[in-house]
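I opened this entry to look up how the strands at the start of the chain are arranged and which charged side chains are paired. My notes follow in the order in which I checked things.

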Amino acid sequence: MKIIAGNFKSNLNRKSTIGFLKSLDSTLDNISNKEIYIFPATSSLVENNFKHIILGAQNAHYAESGAFTGEITLHHLEEFNIKTILIAHSERRNLFGESDEICATKFDFFKERDFRIFYCIGESLEVRESGKMLEFLDSQISKIDLDYQNLVLAYEPLWAIGTGRVAKAEQISEIYRFLKSRTNAPIIYGGSVNEKNASEILGICDGVLVGSASLKVESFYEIIKG
Ligand code: PEP
């Protein structure tokens with residue numbers, strides 16, 4: 001079963017997200033062996049009751065509810081029956097200052113509540129070229145439970161996210177083998193995946209996390225179809 005996940009980031013408003021979800025869901029009756037996830041913007045979350053699509057949250061604070069201005073919490077996800085969350089995306093780490101410690105605290109909180117957790121890791125070009133890439137990736141996963149049954153590990157090299165520069169097959173394979181030596185969790189790849197390169201990547205790892213090419217039903221459907 002391959003995992004195909006779309007991260008809308010801060011794109012598509014509520015109306016266009018609902019239109020997208022209905023339209024995509026209605027095209028997926030003949031698709032099998034694919035687990036399809038969409039992570040919409042927080043204000044576009046809706047009831048998680050589609051036939052073929054599982055909705056997840058791009059982010060949430062690690063609390064039931066409370067005084068956390070600007071954040072949503074478990075309470076808000078439960079309202080929509082959402083049981084999937086993206087944690088440690090590079091934009092959360094680099095733009096919003098989420099450290100490995102914060103990401104691990106989030107992980108533990110949502111793990112205790114049996115969430116499907118997509119946990120992102122990935123090196124910068126500088127780290128890759130320093131020769132310490134595997135050490136760095138190891139440190140990014142050192143604080144989370146790699147035996148957690150509901151974990152999906154998303155390898156997203158920073159230099160490939162939103163750049164149009166997708167990692168080469170041998171680079172993805174190397175990291176895939178390395179991470180598989182650490183965990184039995186599915187390992188998916190993200191970084192400039194599109195309808196042209198997706199099927200090769202899906203032949204190497206357990207799935208893809210797609211940013212910009214997930215924003216149009218047509219291109220995302222092509223990726224799903226494989
Ligand atoms: C992402 O941000 O998770 C991502 C993979 O983005 P893109 O596909 O646009 O590179």
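**Strand pairing, then salt bridges**

I looked first at strand β1 (residues 2-7), which pairs with β2 in the parallel sense over six bridges; strands here are DSSP runs of E of at least two residues, helices are runs of H or I of at least four residues, and both are numbered from the N terminus. Two strands are taken as paired if DSSP finds at least two bridges between them. The model is a predicted one, in which local features need pLDDT of at least 70 and side-chain atom pairs count only at pLDDT 80 or more, while totals for chains, interfaces and linings use all residues. Residues are numbered from 1 along each chain as its sequence is written, and side-chain values use heavy atoms, with hydrogens and water left out.

Within the first pairing, I noted that Ile 4 stands opposite Ile 36 in β2. I then followed β2 to β3, and found that these two pair in the parallel sense over three bridges, with Ile 36 opposite Ile 53 in β3. For the connection, I recorded that β1, α1 and β2 make a right-handed β-α-β unit, right-handed meaning that, with the strands pointing away from the viewer, the path from the first strand over the helix to the second runs clockwise.

I turned next to salt bridges, each defined as a side-chain nitrogen of Lys or Arg within 4 Å of a carboxyl oxygen of Asp or Glu, and the count by this rule comes to 14. Lys 51 forms one with Asp 29, where the closest N and O atoms are 3.1 Å apart. This pair links distant parts of the chain, since Lys 51 is in the loop between β2 (34-39) and β3 (53-55) and Asp 29 is in the loop between α1 (14-27) and β2, 22 residues apart. I checked accessibility, calling a residue buried under 20% relative accessible area, exposed over 50% and partly exposed in between (1.4 Å probe, protein chains only): Lys 51 is exposed at 63%, whereas Asp 29 is partly exposed at 47%.

Which residue does Glu 222 form a salt bridge with? I found that the partner is Lys 225, the closest N and O atoms being 3.6 Å apart. The two are three residues apart in helix α9 (residues 217-225), and so are separated by about one helical turn. Glu 222 is partly exposed at 38%, and Lys 225 is partly exposed at 41%.
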